[in-house]
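Let's take a walk through this one, starting in the middle and working outwards. Have the model open as you read.

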Amino acid sequence: MLLGSPTVTREAAVWRRRLGGNPFTVAPYALSCRAAFRAHRGSFDARWRRLQQLAPLLSSTAAEEGGSLRFVPEAPTCCQAHVYLRGDAAALDAARDAVLRERGVRVYSRLRGAAVGPEADECYFELTLGPRHLEVADAVYVGAWRAFFAALGPQPGGRKGVGDAEPQS
């Protein structure tokens, strides 16, 4: 949904058309979004509060394992946040896949950026809590991330995972 002044919305409509979008092509997306919003609107607050609980729990779990998770924002403002990990994307994905094989838990779906962060040595993924995530016990999250850092092993600099640097905009 685009909100703004009439000037902004007129300009956006021109660019939407130039890029191949029109009401016919975007209608399925709009209908899907509307249906999903209607189905899940009652759970947004609970999912946000759950992510606010999980962020410090997972960060401290990682620190106990010699690693770290860096949430951006540090205190989630909705049910989605970016999570930064220090390391090579292939090594991070291998550790993720090992946890999936061993525990049946996927700690993240896919990395969205590599060689990012203040020292260009981090990767990040989006963590979005869906309605079913409310049913997952803390022990499942903690156990999966402990297994992730064990599978990851020591990284350059003698730490597992992500650094303590300030997030980049």
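**From the core to the surface**

The largest nonpolar core holds 27 residues, and those with the most contacts inside it are Leu 69, Phe 71, Leu 85, Tyr 108, Trp 145 and Phe 148. (A nonpolar core here is a set of buried Ala, Val, Leu, Ile, Met, Phe, Trp, Tyr and Cys residues joined through side-chain atoms within 4.5 Å; buried is under 20% relative accessible area, exposed over 50%, partly exposed in between, with a 1.4 Å probe and protein chains only.) At least two residues of this core come from each of α3 (44-64), β3 (80-86), α4 (89-103), β5 (122-128) and α5 (138-152), and α5 gives the largest share, seven residues. Helices (H or I, at least four residues) and strands (E, at least two) are DSSP runs, numbered from the N terminus.

This is a predicted model: local features need pLDDT of at least 70 and side-chain atom pairs count only at pLDDT 80 or more, while totals for chains, interfaces and linings use all residues. Numbering runs from 1 along each chain as its sequence is written, and side-chain values use heavy atoms, leaving out hydrogens and water.

Now zoom in on Phe 71. Leaving aside residues up to four places away in sequence, Phe 71 touches Leu 51, Ala 55, Leu 58, Ser 59, Ala 81, His 82, Val 83 and Leu 127, where contact means heavy atoms within 4.5 Å.

What about disulfides (cysteine sulfur pairs within 2.5 Å)? A search of the whole structure turns up zero. For Cys 79, the nearest cysteine sulfur belongs to Cys 78, 5.5 Å away. Cys 79 counts as buried at 10% relative accessibility, and Cys 123 is buried too, at 1%.

Out at Leu 19, we're in the loop between α1 (6-18) and α2 (23-40). Leu 19 is exposed, with a relative accessible area of 72%.

Conventions:
Disulfide = S-S within 2.5 Å.
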